[in-house]
Amino acid sequence: MPKIDTLYNKFIAHINLLCDNGLITQPNFDYICPICLHTFSAEQLSDLSLEDAPQASLGGHKIALTCKKCNNTSGHIIDNHLINFLKRLDEIDFIDGSNRRIEIIKEGRRINADLEVGSNRELNVILPRKINNPKILEEHIANTNEGDIIDIKNKKIDIDLKKVSTAILKNAYIILFSKFGYSFL
């Protein structure tokens, strides 16, 4: 995994290359956050963080530097929508090994559960005690018989398709920035 100072030096070399070739004049700063375009001096290195593209949970790697504010904010505001969207696609297709939080609704009562998809799309329902009212859970188990019809419903997850699109564009932008540096900007 790269270190902040390693990537910082790499991108400073990009700025110097652009200056040496007369494409820009020597700036009075050292680094520009590729997302918000705020400038940072060498003394502000602690205000920068490593950016994953795509997100680490999607198999991405730390490949660029952004300011901590952008890294935290974009993860919270847009990246989670892409992760949730891809997770929901897996759920719709019942991909082997996928799991999801569901609600079981029986006789108007709700039980929280996890639905795991095994090999050959075998479904397993897990009833965790820590996310249920113990009394209601025990009643549900005691009153459920083989062959009973129960309704299950996926737990709602936050997906905004505009933010999904934004997250895809941001990831592509960060990947391009990591390869081409400031000449890309």
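At what angle do helix α2 and helix α4 pack? To find out in this predicted model, select residues 68–92, which form α2, and residues 161–180, which form α4. The two helices pack at an angle of about 105°, and their axes lie 8 Å apart. Since angles of 65 to 115 degrees count as roughly perpendicular, α2 is roughly perpendicular to α4.

Next, display the side chains where these helices meet. On α2, select Ser74, Ile77, Ile78, Asp79, His81, Leu82 and Phe85. On α4, the partners in the contact are Leu161, Lys163, Val164, Thr166, Ala167, Ile168, Lys170 and Asn171. Coloured by character, the residues of this contact comprise 8 nonpolar, 4 polar and 3 charged.

Now turn to the sheet. Its 4 strands follow the order β7-β6-β5-β8 in an open arrangement, with antiparallel pairing. Select 123–126 for β7 and 151–154 for β8: these strands stand at the edges, and each has a single partner strand, so one side of each lacks a neighbour in the sheet. On average, neighbouring strands here are turned by 40° against each other, direction ignored.

Proceed to residues 99–106, strand β5, which runs antiparallel to β8 and is joined to β8 by 4 bridges. Select isoleucine 105 to see its bridge partner in β8, aspartate 151.

Finally, show the helices against the sheet. Helix α2 packs on the sheet, touching β5 and β8, and its direction makes about 60° with that of β5. Select residues 134–142 for helix α3, which also packs on the sheet. Helix α3 touches β5 and β6 (109–117), and its direction makes about 70° with that of β6.

Technical notes. Residues numbered from 1 in each chain as written. Predicted model: local features only at pLDDT ≥ 70, side-chain atom pairs only at ≥ 80, totals over all residues. Heavy atoms only, no water. Axes fitted to C-alpha atoms, helices over the stretch in contact; angles between N-to-C directions. Parallel < 35°, antiparallel > 145°, perpendicular 65-115°, else oblique. Contact = heavy atoms within 4.5 Å. Nonpolar A, V, L, I, M, F, W, Y, C, P; charged D, E, K, R; others polar. Pairing = 2+ DSSP bridges.
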